[in-house]
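Here is a predicted model to work through. The questions below deal with its side-chain contacts and burial.

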Amino acid sequence: MSTAGLAGALAALNLAIAGHLPEAGGALAGGIAAITAGLLRIRGRRATEWLPIVIGALRQRATRQDRYRGAIFSAHPGEHLDMPGPLAGYVWLPATTLNGTTELGLLHHRAEHTVTAVLTYTGHSLVLADTGDQQRRLTDWAGLLNTLGGEYAEHGLTHWAMWSRTVPDAGSRAQRHLIERATDTTSRAYRSLAALTAAGARTAQRAEHYLVVVFDVRRLSREIASAGGGDAAVGVVIAEQLAGIASAVREAGVDVVEWLTPRGYAAVLRTQWDPASQPSVDLRAAGGGLDGVQPAAAGPTAAETVGWGTYVHDSGRSRTLWVHEMPRTPVGMTWLSPLLTPSGHRRTISLTAQPVPAALAALQSRRERVAKAGDELTKRKMRLLRTAREVAEGHSVEQIDREQAAGHTRYRYALLITVTALTDDALDRAVLAEQRRLVRAGCAGVVLNGEPDQAFFAGGLPLARGLARMRGPLT
């Protein structure tokens, strides 16, 4: 759009030289409007970037694709997993762990040729650790990033996501822990703790952490063919990769729990679509009943895009914020603490990362260095001073280049925060609270308006769908 504006300005100049002043004025006005539209930013995006979103939203409403009916209202109720939009391609893939004793919850997207699995883990507070322990953990985490972006990227891992959510603790883990671990239930201390945990049960929240990994089946075609081909072979090959990833995560100092089973994976999906079902799912598991949810029932019964930025799904209403700006000043190792502390409302944080191929990363780094060198040379010739920010950006480009030369993996990523509530008023308050948290963390985020359904699929579900596909011969 900016190029078209410059062309319009040049055309206006030529018309003015030729003496066609009225036509020159119209061309100049059009050029100025095009340049303004190309440079103007609305809620973090250029005005031209909003055009396809607006067109897509209008087309979706005109064709009534902004609403979805599943479960008994679907064409084949209860037979298979049924989800809206691009998620309709997911089917459950039968697989077990390498020891053959536990089922693996694998989602196979037939059209995109991907297989998704979810590892649940528990973490340790980084804020309470001393500086040396914090630095050690960050070093271990950097090693894990290189492993995922190097060894496993060569074996089919296309991208992964750190996906965390805070949900009401209807099952009251504190109460269950007290009941299971207490040895003397007649003491005054036990009665005091029991009363305290019972009083806080209604407002208690728990945090759940998951690592979502996505494999490209086409990159594993040779291994799958060697295993006999078919879905069973895909499950065997993916199970081998998952066992290695779990070991790598464990070596990085993270307490691995397990890869989710089909019923466990379905329970996470179902409670995201229907937040009101969370207490019944938790209480059923706490009562010793059948854990999880039937895999075919993991999708929503109904979903609809309402207005410009709200996605209504079963009993929940969600909005997703895209963190488009990270801190511009140096930060400490615990700079994300304001964002990760208990929120008081239902929320998910999704950091989706994709390793950039080494050849493409080297090419991108070379382009950035050439651009910075050209900018520096131009300013030197024109005797212009470089600002401190420009100098810092130049050092950052050189540092990235050195890190890549040392073998570090370059990533592209997207950070999304999805807030879910039962009413519009509660949703407005929760979104405002999350925006304040972002400010305290030195970040900036905007609500993904015009495409709330796609935003919820990317940030509100453990499917690692928060990045656009890389294109080009080197990918």
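Q: Is Arg-319 buried or exposed?
A: The relative accessibility of Arg-319 is 18%. The cut-off for burial is under 20%. Arg-319 therefore counts as buried.

Q: Which residue forms a salt bridge with Arg-319?
A: The closest N and O atoms of the pair are 2.7 Å apart. Arg-319 lies in strand β12 and its partner in helix α14, so the pair ties together parts that are 109 residues apart in sequence. The partner has 36% relative accessibility and counts as partly exposed. It is Asp-428.

Q: How many residues apart in sequence are the parts that Arg-206 and Asp-282 tie together?
A: The two side chains meet in a salt bridge, 2.9 Å from N to O. Arg-206 lies in strand β8 (residues 205-216), and Asp-282 in helix α10 (residues 278-286). The pair therefore ties together parts whose separation in sequence is 76 residues.

Q: In the salt bridge of Asp-216 with Arg-218, which residue is partly exposed?
A: The closest N and O atoms of this pair are 3.2 Å apart. Asp-216 is buried, at 10% relative accessibility. The partly exposed residue, at 44%, is Arg-218.

Q: How many salt bridges does the count come to?
A: Some are joined up: Asp-133, Arg-136, Arg-137 and Asp-140 are linked in a network. The count comes to 18.

Q: Are the planes of Trp-92 and Tyr-265 stacked or edge-to-face?
A: The ring centres are 5.7 Å apart, and the planes are at 80°. Planes over 60 degrees apart count as edge-to-face. The pair is therefore edge-to-face.

Q: Which helix holds Tyr-265?
A: Tyr-265 is buried, at 0% relative accessibility. Its helix covers residues 262-273, and eleven of the twelve residues there are buried. From first C-alpha to last, that helix reaches 16 Å, close to the 16 Å expected. It is α9.

Q: Which residue in helix α15 pairs with the ring of Tyr-311?
A: The ring centres are 5.9 Å apart and the planes stand at 90°, so the pair is edge-to-face. Tyr-311 lies in strand β11, so the pair ties together parts 146 residues apart in sequence. Both residues are buried. The partner is Phe-457.

Q: How many of the eight residues of α15 are buried?
A: The buried residues of α15 include Phe-456 and Phe-457. Ring pairs link these two with Trp-273 and Tyr-311 into a cluster. The helix is largely enclosed by the rest of the structure, because its buried residues number seven.

Note on methods
Residues are numbered from 1 along each chain as its sequence is written. This is a predicted model: local features need pLDDT of at least 70, side-chain atom pairs count only at pLDDT 80 or more; totals for chains, interfaces and linings use all residues. Side-chain values use heavy atoms; hydrogens and water are left out. Rings of Phe, Tyr and Trp (its six-membered ring) pair if their centres lie within 6.5 Å; planes under 30 degrees apart count as stacked, over 60 as edge-to-face and the rest as tilted. Helices (H or I, at least four residues) and strands (E, at least two) are DSSP runs, numbered from the N terminus. Buried means under 20% relative accessible area, exposed over 50%, partly exposed in between (1.4 Å probe, protein chains only). The expected span of a helix is 1.5 Å times one less than its number of residues. A salt bridge is a side-chain nitrogen of Lys or Arg within 4 Å of a carboxyl oxygen of Asp or Glu.
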